[in-house]
Amino acid sequence: MTATSYAAESGSARTQVAVAGAVGTVQNPAATEPKAVEVRSVSKSFKDHQPVLRDVSLAIERGEMVALIGASGSGKSTLIRTIAGLITIDAGAGSIHVQGAPMQIGGRITASAQAQRAKIGVVFQQFNLVPRLSVLTNACLGRLGQMPTWRGVTGRFLHEEKQRAMHALDRVGIADHALKRGSELSGGQQQRAAIARTLVQGAEILIADEPIASLDPSSARRVMEILAHLNRNHGITVLVSLHQVEYALGYCPRTIALRQGQVVYDGISSALTPAFLSELYGAEGESLFLPGLEPGTTTPQRTRNFAAAIVQGSGAADRPAFAAHA
Ligand SMILES: Nc1ncnc2c1ncn2[C@@H]1O[C@H](COP(=O)(O)OP(=O)(O)OP(=O)(O)O)[C@@H](O)[C@H]1O
Ligand SMILES: [Mg+2]
């Protein structure tokens with residue numbers, strides 16, 4: 001297949017990307033500023049196990065919104081945790097840099113990792129709010145890494161910290177629920193609170209590990225809209241692992257696919273073919289493909305249009321009619 005190129009405008013960065021075939025790599029010769037995330041030759045094995053990540057290399061520009069897909073066990077969460085500095089990579093040639101500074105090199109977390117971690121907000125499927133604390137306090141906890149421990153432990157947040165938290169809750173549309181306990185919110189609202197916590201933290205890179213996996217379609221859409229909004233309007237770089245492929249196609253201009261710990265696709269989302277996705281997910285795919293995305297059919301035009309609109313940086317993208325699948 002001949003190589004094609006496209007321009008992806010997402011957040012503050014304009015990214016010129018070359019895609020070679022369905023299984024290709026992304027190059028960015030135009031970029032001069034440090035990558036938001038740069039993963040070089042990273043492998044990861046857990047004790048007595050086969051490698052979970054095998055020589056993974058990828059780079060994410062500042063302001064990109066990238067989906068991470070792959071079958072269960074392909075290594076998505078492991079990759080996310082290594083990028084966030086939550087687990088170490090194998091000793092050897094591998095390295096992870098965040099905004100140009102090393103996070104880990106050759107299996108060792110670097111001295112600058114603490115500062116780098118503050119720039120990365122991580123959101124998980126399980127929301128990870130403290131159920132008995134108010135939503136406002138949960139959001140304030142985003143400041144924990146930047147305040148004396150005693151204040152965090154006793155929950156004594158300054159007025160300006162609470163203001164900042166209220167502002168973040170407002171940005172994700174749940175300011176009205178600030179004084180409720182975390183446990184009183186719906187799943188979608190809890191996930192939005194978790195996103196607000198990363199904003200309070202001041203994260204410039206948001207990494208979300210299946211943030212919509214346990215949400216109903218309407219709440220899932222809302223969370224993805226918020227991630228896309230933060231990306232487009234606030235320049236936050238987003239890496240989001242998704243089980244639902246159509247959300248990757250619909251919201252993320254670029255997709256990285258893992259198979260058995262290796263990158264097997266890195267390119268424009270709308271170029272993903274049903275045949276490739278079917279092969280990527282194998283038997284698991286049967287439960288993942290929604291109407292119109294079944295193996296053997298063409299990618300729906302509405303999804304292509306939507307992905308193309310986002311790629312062109314159009315804020316007025318016609319949202320795909322996910323409700324039809326709800
Ligand atoms: N702490 C651990 N100890 C041992 N093996 C692990 C550990 N964490 C992950 N693994 C293994 O690594 C492989 C990849 O797991 P990972 O959670 O990264 O996959 P995933 O792509 O996120 O899957 P899913 O879609 O089910 O969340 C799996 O085989 C898993 O059993
Ligand atoms: Mg996972």
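These questions and answers deal with a predicted model of one protein chain.

Q: How many helices and strands are in the chain?
A: The chain has 326 residues, and buried residues make up 45% of them. Its secondary structure consists of 10 helices and 13 strands.

Q: Among contacts between residues at least 6 apart in sequence, what share joins residues at least 24 apart?
A: The count leaves out pairs that are fewer than 6 places apart in sequence. Of the contacts that remain, the share joining residues at least 24 apart is 64%.

Q: Are helix H6 and helix H7 roughly parallel or roughly antiparallel?
A: Two packed helices are described by the angle between their axes and the distance between the axes. For H6 (residues 187–201) and H7 (residues 217–234), the axes come within 9 Å and cross at roughly 15°. Angles under 35 degrees count as roughly parallel. The crossing angle therefore makes H6 and H7 roughly parallel.

Q: Which residues of H7 make the contact with H6, and how do the residues of this contact divide by class?
A: The crossing of H6 and H7 is right-handed. From H6, the contact uses Gly187, Gly188, Gln191, Arg192 and Ile195, and from H7 it uses Ser219, Arg222, Val223 and Ile226. By class, the residues of this contact are 3 nonpolar, 4 polar and 2 charged.

Q: How are H5 and H6 oriented to each other?
A: Helix H5 (residues 159–171) packs on H6 with the axes 8 Å apart and an angle of about 135°. Angles over 145 degrees would count as roughly antiparallel, and 65 to 115 as roughly perpendicular. The angle fits neither range, so H5 and H6 are oblique.

Q: How many nonpolar, polar and charged residues does the contact of H5 with H6 have?
A: The crossing of these two helices, H5 and H6, is right-handed. On the H5 side are Arg164, Ala165, Ala168, Leu169 and Arg171, which meet Ala196, Leu199 and Val200 in H6. The classes come to 6 nonpolar, no polar and 2 charged residues.

Q: Is arginine 197 buried or exposed?
A: Arginine 197 lies in helix H6. Beyond its neighbours within four places in sequence, arginine 197 is in contact with Asn138, Ala139, Leu141 and Gly142. A residue with 20 or more other C-beta atoms within 10 Å is buried. Arginine 197 has 28 such neighbours, so it counts as buried.

Q: What distance separates the C-alpha atoms of arginine 197 and glycine 121?
A: Along the chain, arginine 197 and glycine 121 are 76 residues apart. In space, their C-alpha atoms are separated by 8.2 Å.

Q: Where are the buried residues of H9 around its axis?
A: In helix H9 (residues 274–281), the buried residues are Leu277, Leu280 and Tyr281. Their arc around the axis is only 80°, so they lie on the same side of H9.

Q: Which elements are included in what covers the buried residues of H9?
A: The buried residues to be covered are Leu277, Leu280 and Tyr281. Their cover includes helix H8 (245–251) and strand E12 (254–259).

Q: Is asparagine 128 exposed, partly exposed or buried?
A: Asparagine 128 is found in the loop between strand E9 (120–124) and helix H3 (135–140). Although not a glycine, asparagine 128 has a positive phi of about 55°. With 16 other C-beta atoms within 10 Å, asparagine 128 is partly exposed.

Methods
Residues are numbered from 1 along each chain as its sequence is written. Chains are lettered from A and ligands numbered from 1 in the order in which they are written. This is a predicted model: local features need pLDDT of at least 70, side-chain atom pairs count only at pLDDT 80 or more; totals for chains, interfaces and linings use all residues. A residue is buried if 20 or more other C-beta atoms lie within 10 Å of its own, exposed if 12 or fewer, and partly exposed in between; C-beta atoms are placed from the backbone. Helices (H or I, at least four residues) and strands (E, at least two) are DSSP runs, numbered from the N terminus. The arc is that of the directions from the helix axis to the C-beta atoms. Two residues are in contact if their C-beta atoms, placed from the backbone, lie within 7 Å. Axes are lines fitted to C-alpha atoms, for helices over the stretch in contact, and angles run from 0 to 180 degrees between N-to-C directions. A crossing is left-handed if the near helix is turned anticlockwise from the far one by less than a right angle, and right-handed if clockwise. Ala, Val, Leu, Ile, Met, Phe, Trp, Tyr, Cys and Pro count as nonpolar, Asp, Glu, Lys and Arg as charged, and the others, Gly among them, as polar.
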